[in-house]
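Reader: Hi! Could you walk me through this one? I'd like to go from the loops to the overall picture.

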Amino acid sequence: MQIATWNINGVKARLETAIAWLNEARPDVACLQEIKSVDEGFPRTAFEDIGYNVVTHGQKGFNGVAILSLKPVEDIVRGLPGDDTDEHARYIEAVVSSDNTVCRVGCLYLPNGNPVDTPKYPYKLAWMDRLIAHAKSKLPLEEPFVLAGDYNVIPEPRDAARPAEWTEDALFRLDTLEKYRELTALGFTDAVRSFDQSDGVYTFWDYQAGAWQKNNGIRIDHMLLSAQATDKAIGCRIDKHVRSWEKPSDHVPVIVELEI
DNA sequence: ATGCCTTGTCGCACAAGA
């Protein structure tokens, strides 16, 4: 079973590109972030026409997440639990059944948090606290659980081409990294790093200042695997070539393969 | 130091992104 995550930066602006990539990669599950669409406006039939079941959690203009799955999904959770006043659409979860087992998939779009001297940064940290609490609450199930998404976290200096430029940024601030480590310390494995320890592995290149051409990238899209998912993981890759396509998202897909 | 692009919005510029 292949599970992918991809911040597509607008599902309508990216529809042709998204369909092209899905037909090329054919992941069993695709977690999409920044769909920038309400549920009613999501072009679901375009995805259903190529075989995917579609569940969305959208909002107007910004944010918004979706899960596409070749197999039917159940136990859908829309919105990150822990704060009923939070109106940002940044989390959707579903359970995907395979022939003989199940996998829980959480699709998340963690807040950016910049500028750090505004309420946006404490919102990011509080959101991470809720993600930690939610992940913790699922541990007793002892099931394969994949937390996939745009974390807006640069875990280590080697995850940025120019780490010195990020030290005061919400993506790389110490408070951010401490929360991220608190999450992984629950027992989640970074799928990319479990298969590739090399430098220069990125998932995002800014549209500005020729970041792609200069390979000035950062690795902020992650797939965290529960112990039961880690045991089943047999590969992980980043579809970097998608960044060179016409009208690309600034993020590229990350795909993990589980022997499920 | 700032903007550099890109998307969406009841646009006639601006917010948000990272």
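Author: Happy to. One term first: helices and strands here are DSSP runs, with at least four residues for a helix (H or I) and at least two for a strand (E), numbered from the N terminus. Also keep in mind that this is a predicted model.

Reader: Good. Where is A209 found, then?

Author: A209 sits in the loop between strand 10 (204-205) and strand 11 (217-218). Its phi is positive, about 60°, although A209 is not a glycine.

Reader: And what is usual for phi?

Author: Most residues other than glycine have a negative phi.

Reader: Is A209 buried or exposed?

Author: A209 counts as exposed, because it has 9 C-beta neighbours inside 10 Å, and the cut-off for exposed is 12 or fewer.

Reader: Which residues come nearest to DNA strand B?

Author: A209 is one of them, along with G10, A13, G61 and N112. They belong to a set of 23 residues around DNA strand B.

Reader: What's the mix of classes on that surface?

Author: Near DNA strand B there are eight nonpolar, eight polar and seven charged residues.

Reader: Back to backbone angles. What about N63?

Author: N63 has a positive phi of about 55° and is not a glycine. You'll find N63 in the loop between strand 3 (53-57) and strand 4 (65-69).

Reader: Buried or exposed, that N63?

Author: N63 is buried, because 20 other C-beta atoms lie within 10 Å, and 20 or more is what the cut-off for buried asks for.

Reader: Which residues does the cis peptide bond join?

Author: The cis bond joins N114 and P115, with omega at about -10°. P115 lies in the loop between strand 7 and helix 3 (120-138).

Reader: Since you mention strand 7, how is strand 7 joined to strand 6?

Author: Through a hairpin of four residues. Strand 6 and strand 7 (residues 102-109) run antiparallel, with seven bridges between them. In that pairing, V95 stands opposite R104 of strand 7.

Reader: How many bridges join strand 5 to strand 6?

Author: Four, and strand 5 (residues 73-78) also runs antiparallel to strand 6. V73 has V96 of strand 6 as its bridge partner.

Reader: And how many residues of strand 6 are buried?

Author: Five of the seven residues in strand 6 (residues 91-97) are buried, so the strand is mostly covered.

Reader: Let's switch to helix 1. Which residues are buried there?

Author: In helix 1 (residues 15-25), the buried ones are A18, W21 and L22. Seen down the axis, they fall within an arc of 100°, so they line one face of the helix.

Reader: What's on the other side, and what covers the buried residues?

Author: On the other side of helix 1, E16, N23 and E24 are exposed. The cover over the buried residues includes strand 2 (29-33). Just after helix 1, R26 takes a positive phi of about 45°.

Reader: Nice. Zooming out, how many helices and strands are in chain A?

Author: Chain A has six helices and 14 strands. Of its 260 residues, 43% count as buried.

Reader: How does the radius of gyration of chain A look for a compact globule?

Author: A compact globule with 260 residues would have a value near 18 Å, and chain A has 17 Å, which agrees. Along the principal axes, its C-alpha atoms fill a box of roughly 45 × 45 × 40 Å.

Terms used: Residues numbered from 1 in each chain as written. Chains lettered and ligands numbered in written order. Predicted model: local features only at pLDDT ≥ 70, side-chain atom pairs only at ≥ 80, totals over all residues. Near = placed C-beta within 6 Å. Nonpolar A, V, L, I, M, F, W, Y, C, P; charged D, E, K, R; others polar. Arc of directions from axis to C-beta. Contact = placed C-beta atoms within 7 Å. Pairing = 2+ DSSP bridges. Rg over C-alpha atoms; globule rule 2.2 N^0.38 Å.
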